[in-house]
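Here is a quick tour of one structure, with an eye on its charged side chains and a few places where the chain comes back on itself. Have a look at the sequence and the fold first.

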Amino acid sequence: MPPKLLPLLISQALGVALEQKELDQEPGAGLDNSLIWTGSSCQNPGCDAVYQGPESDATPCTYHPGAPRFHEGMKSWSCCGIQTLDFGAFLAQPGCRVGRHDWAKQLPASCRHDWHQTDSLVVLTVYGQIPLPAFNWVKASQTELHVHVVFDGNRVFQAQMKLWGVINVEQSSVSLMPSRVEISLVKADPGSWAQLEHPDSLAEKAKAGVLLEMDGEESEDSDDDLSWTEEEDEEEEEAMGE
């Protein structure tokens, strides 16, 4: 079975942070073509153009100049205000302005990341400031995980791995928060995983020199209640204060 996109859940705090960040800056122009990689995607929200060479600059860019808004389950762009409950429909909304493509070079990010588990759940956390929902995706099959996370500043975290155990893809999901992305994988069978990745996956990465070091922490509780860190408590208090 091919990997499927996991649903993205955007926290209210991130929605507020995105609005405050005012991600409605004018698209970049005049970039040195020698710095643009062939195959780079346009970074303007709503545009799916891919850079094939200087001729790509002559094609129109239809994009959303505004910031994404998330409120009580509704999703929309501040520039055109078309609301929808479905995240896929939100991402598929055609742009409302025509301008120039932004081929800004994405910077590979070395993000802190770790994982923990309960008897029925594995959670992979990637830390970074302001993940951008319009550019993030996580795909999973029962035994594989593909992660593509873009944070503010055009910093990109990518990972691909074979999992230690089998997961229930339909019940798994991704949560986006102001300072991290949590990928929650529901185990197909309750029990403890010795590590996040399958030994074969670790051996392949070690051979290729791209081994990702992650500290696995198993929850001390046998139930599904995940412990909160002090940082998370502070974020919750700030969100409630707003």
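In which strand does Trp 115 lie? That would be β8, which covers residues 113-117. Keep in mind throughout that we're looking at a predicted model. Trp 115 has a relative accessibility of 5%, and because the cut-off for buried is under 20%, it counts as buried. In space, its C-alpha sits 9.2 Å from that of Glu 182, although 67 residues separate Trp 115 and Glu 182 in sequence.

Glu 182 brings us to the salt bridges. How many salt bridges are there? The count comes to two, and here they are:

| Acidic residue | Basic residue | N to O distance |
|---|---|---|
| Glu 170 | Lys 4 | 2.9 Å |
| Glu 182 | Arg 180 | 3.1 Å |

The Glu 170 and Lys 4 pair ties together distant parts of the chain, 166 residues apart: Glu 170 belongs to strand β13 (residues 167-177), and Lys 4 to strand β1 (residues 4-5). As for the surroundings, Glu 170 is exposed, with a relative accessible area of 60%, while Lys 4 is partly exposed at 36%. Over in the other pair, Glu 182 and Arg 180 are both buried.

Now for a lysine without such a partner. Lys 75 is in strand β5 (residues 74-77). Lys 75 is buried but makes no salt bridge. How far away is the nearest side chain of opposite charge? It belongs to Asp 86, and it is 7.5 Å from Lys 75. A salt bridge needs nitrogen and oxygen within 4 Å, so that gap rules one out. What Lys 75 does have is the backbone oxygen of Leu 85, which lies 2.9 Å from a polar atom of the lysine side chain. Setting aside neighbours within four places in sequence, the residues in contact with Lys 75 include Arg 69, Phe 70, Ile 82, Phe 87, Phe 90 and Gln 93. Leu 85 and Asp 86 are also among the contacts of Lys 75.

One last stop is a loop. Ala 188 is found between β14 (180-187) and α3 (199-208). Is Ala 188 buried or partly exposed? Its relative accessibility is 39%, so it counts as partly exposed. Beyond its neighbours within four places in sequence, Ala 188 touches Val 166, Ile 167 and Asn 168. The C-alpha atoms of Ala 188 and Ile 167 are 4.6 Å apart, with the two residues 21 apart along the chain.

Definitions and conventions: Residues numbered from 1 in each chain as written. Predicted model: local features only at pLDDT ≥ 70, side-chain atom pairs only at ≥ 80, totals over all residues. Heavy atoms only, no water. Helix = DSSP H or I, 4+ residues; strand = E, 2+ residues; numbered from the N terminus. Buried < 20%, exposed > 50% of the residue type's maximum accessible area, 1.4 Å probe, protein only. Lys, Arg positive; Asp, Glu negative; His and termini not counted. Polar contact = N/O pair within 3.5 Å; in protein donor to acceptor, adjacent residues only side chain to side chain. Contact = heavy atoms within 4.5 Å.
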